[in-house]
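Open the model in your viewer and keep the sequence panel in sight. This tour goes stop by stop.

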Amino acid sequence: MQPVNPIIEAGWKEVLMNEFRSPYFSTLKEFLVEEKKRYTIYPPGPLIFNAFRHTPFDRVKVVVLGQDPYHGRGQAHGLCFSVPQGIPQPPSLVNIFKELHSDLGIPVPRHGNLEKWADQGVLLINAILTVREGQAGSHHNKGWETFTSRVIESISEEKEGVVFLFWGRYAQAKENLVDGTRHLILKAAHPSPLSAHNGFFGCRHFSRTNEFLEQQGKSRIEWNLG
């Protein structure tokens, strides 16, 4: 079987080459090919690795980990929690913006496109990179989790002073992949309306991230999307 060779930023391609050549990734690709014959899959193929194009490996300063992509039409574009310009903000993103306003006084954006964050070094990835339309979690345990765990391990092993934002139990299950002596791990409840009041609101992760980055001699993230 031919190795998988996705279009991805050169630094990431070098870091993840062994993953793309592995049997599990070939199996994952076969699964996706069959899924696309029968269902609509999100995000569109060219956007599956969008986070890795917006945030090259050598520019990663912050990692935000989601679960799987939005499964509604037009929502997913390869950046966790983000939606393209013109798409209504989903409830979790609304709560993220509420906390951002509470923490830093930043006005709530009129749109939900987080590309500006990604372009500054915030890697916005889901643990699972694809989903069947209308069926949350439908691509669970097909190989994506193995791939994204390796992404997190690679950042932990090869970089210094990265901030990992783990929101919710699903993301926090990846905490053991990060060397907490070299990086900052910030944990909070998931921003979903079901859990945001249990520890996401008031976490101040945006200001705490910038404080840590400055301590590392790195530039702050400009969180304002206006």
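What follows is a walk through helices and loops of a predicted model.

**Stop 1: α1 and α6**

Select residues 10–20, which form helix α1, and residues 144–158, which form helix α6. Look along the place where they pass each other. Their axes come within 11 Å and cross at roughly 135°. That angle makes α1 oblique to α6. The crossing is right-handed.

Now show side chains. On the α1 side, pick Trp12, Val15, Leu16, Glu19 and Phe20. They meet Phe147, Arg150, Val151, Ser154, Ile155 and Glu158 of α6. Colour this contact by class: 7 of its residues are nonpolar, 1 is polar and 3 are charged.

**Stop 2: α6 by itself**

Stay on α6 and hide α1. What span should its 15 residues have at 1.5 Å a residue? The expected value is 21 Å, and the end C-alpha atoms are 21 Å apart, so the two agree.

Next, pick out the buried residues of α6. They are Trp144, Glu145, Phe147, Thr148, Ser149, Val151, Ile152, Ser154, Ile155 and Ser156. Phe147, Val151, Ser154 and Ile155 will be familiar from the contact with α1.

**Stop 3: α2**

Move to residues 23–38, helix α2. Run the length check on its 16 residues. The expected span is 22 Å; the end C-alpha atoms are 24 Å apart, which agrees.

Which residues of α2 are buried? Select Phe25, Ser26, Leu28, Phe31, Leu32 and Glu35. Then bring back their surroundings: the cover over these buried residues includes α1, β1 (41–42), β4 (131–132) and α6.

**Stop 4: threonine 55**

Go to the loop between α3 (50–54) and β2 and select threonine 55. Is threonine 55 buried or exposed? With a relative accessible area of 0%, threonine 55 counts as buried, because the cut-off is under 20%.

Show what surrounds threonine 55. Leaving out residues up to four places away in sequence, threonine 55 touches Trp12, Val60, Ala118, Gly121, Val122 and Leu123. Trp12 has appeared before, in the contact of α1 with α6.

**Stop 5: arginine 73**

Now choose arginine 73, in the loop between β2 and α4. Arginine 73 is exposed, because its relative accessible area of 65% is over the 50% cut-off.

Draw a distance from arginine 73 to isoleucine 41. They are 32 residues apart in sequence, yet their C-alpha atoms are 9.6 Å apart in space. For contacts, add Tyr42 and Glu133: arginine 73 touches both, not counting residues up to four places away in sequence.

**Stop 6: α8 and α4**

End at helix α8, residues 205–215. Mark its buried residues: His205, Phe206, Ser207, Thr209, Asn210, Phe212 and Leu213. What do they pack against? Show β2 (62–66), α4 (91–104), α5 (115–119), β5 (163–167) and β6 (184–188).

Keep α4 and α8 and hide the others. These two axes come within 8 Å and cross at roughly 60°. That makes α4 oblique to α8. From α4, the contact uses Ile96, Glu99, Leu100, Asp103 and Leu104. From α8, the partners are His205, Phe206 and Ser207. By class, this contact has 4 nonpolar, 2 polar and 2 charged residues.

One last selection. Step just past α8 to glycine 217, where phi is positive, at about 75°.

Technical notes:
Residues are numbered from 1 along each chain as its sequence is written. This is a predicted model: local features need pLDDT of at least 70, side-chain atom pairs count only at pLDDT 80 or more; totals for chains, interfaces and linings use all residues. Side-chain values use heavy atoms; hydrogens and water are left out. Axes are lines fitted to C-alpha atoms, for helices over the stretch in contact, and angles run from 0 to 180 degrees between N-to-C directions. Helices (H or I, at least four residues) and strands (E, at least two) are DSSP runs, numbered from the N terminus. Angles under 35 degrees count as roughly parallel, over 145 as roughly antiparallel, 65 to 115 as roughly perpendicular and the rest as oblique. A crossing is left-handed if the near helix is turned anticlockwise from the far one by less than a right angle, and right-handed if clockwise. Contact means heavy atoms within 4.5 Å. Ala, Val, Leu, Ile, Met, Phe, Trp, Tyr, Cys and Pro count as nonpolar, Asp, Glu, Lys and Arg as charged, and the others, Gly among them, as polar. The expected span of a helix is 1.5 Å times one less than its number of residues. Buried means under 20% relative accessible area, exposed over 50%, partly exposed in between (1.4 Å probe, protein chains only).
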